[in-house]
Amino acid sequence: MENISIENIKFQQVGIIRTPYTKNAPYQPVDEDDGEFRITIDPQYSDGLYKLDGFLFIYVIYHIHQIKQDLSMIVSPSWANGVEVGVFASRSPVRPNPIGISVVRVKRIMNNEIFTSGLDVFDGTPVLDIKPYIKDLDAKSDANNGWIDDMDDQEHLLLHIKGIPHDY
Ligand SMILES: C[S@@+](CC[C@H](N)C(=O)[O-])C[C@H]1O[C@@H](n2cnc3c(N)ncnc32)[C@H](O)[C@@H]1O
């Protein structure tokens, strides 16, 4: 069989994410997070924002650029009580290609800046792409939580993952 090797993939940074986080960030975006969250798109790409303001939610795709941990194909998310899963069954930031994806609410778009609900990334994270979250394409009414559904106390764990404050 022909060995097809994909090499020299190059992406252009299209913007930068501004958040209050420098050392610690939530595991996933927190809808009601405090502080200002915005995405500044580089001027040469700003025409690409035309008509994005009609969408309530967007996908933000970014380079998780400050990873220091060693790569492993088996990971154990810190909130998951020692459960081990493959990296591709996880949302770990430590991956063969450190690409992150977050779905966030669009608050307003002004010139080349998208103001959003909370993002789970460090200030200065490079943006690779923005895509609209399209309800009829993207919302899956029969989606599940995979291996998280098998965990004891999964409702409680999901509060941790989502960064929702709770009393226990
Ligand atoms: C669990 S990942 C999830 C990212 C994304 N929502 C996803 O599912 O692909 C989020 C964590 O990545 C880490 N992180 C965020 N931005 C980073 C960056 N620029 N460099 C290195 N680590 C980062 C933070 O520890 C944060 O809690």
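In the predicted model, Ile-61, a residue of strand 3, touches Ile-99, Ile-101, Leu-128 and Asp-129 when residues up to four places away in sequence are not counted. The C-alpha atom of Ile-61 is separated by 10 Å from that of Pro-98, which lies 37 residues apart from Ile-61 along the chain. Because 16 C-beta neighbours are found inside 10 Å, whereas 20 or more would be required for a buried residue, Ile-61 counts as partly exposed.

In soluble globular proteins, nonpolar side chains tend to be buried together. In this model, the largest nonpolar core comprises 18 residues, and those with the most contacts inside the core are Ile-17, Ile-39, Val-60, Leu-119, Val-121 and Val-127. Two or more residues are given to this core by each of strand 2 (38-41), strand 3 (57-63), strand 6 (99-110) and strand 8 (125-132).

Val-121, one of the core residues with the most contacts, is in contact with Ile-17, Thr-19, Tyr-21, Ala-25, Tyr-62 and Gly-100, leaving aside neighbours within four places in sequence. Val-121 is also listed, together with Gln-66, Arg-91, Pro-93 and Gly-100, among the closest of the 17 residues that surround the ligand. Gly-100 is thus both a contact of Val-121 and one of the residues closest to the ligand.

With respect to the composition of the shell around the ligand, 9 residues are nonpolar, 6 are polar and 2 are charged. The largest share of this shell, 3 residues, is contributed by strand 6, an element that also gives two or more residues to the largest nonpolar core.

How values were computed:
Residues are numbered from 1 along each chain as its sequence is written. This is a predicted model: local features need pLDDT of at least 70, side-chain atom pairs count only at pLDDT 80 or more; totals for chains, interfaces and linings use all residues. A nonpolar core is a set of buried Ala, Val, Leu, Ile, Met, Phe, Trp, Tyr and Cys residues joined through C-beta atoms within 7 Å. A residue is buried if 20 or more other C-beta atoms lie within 10 Å of its own, exposed if 12 or fewer, and partly exposed in between; C-beta atoms are placed from the backbone. Helices (H or I, at least four residues) and strands (E, at least two) are DSSP runs, numbered from the N terminus. Two residues are in contact if their C-beta atoms, placed from the backbone, lie within 7 Å. A residue is near a molecule or strand if its C-beta atom, placed from the backbone, lies within 6 Å of it. Ala, Val, Leu, Ile, Met, Phe, Trp, Tyr, Cys and Pro count as nonpolar, Asp, Glu, Lys and Arg as charged, and the others, Gly among them, as polar.
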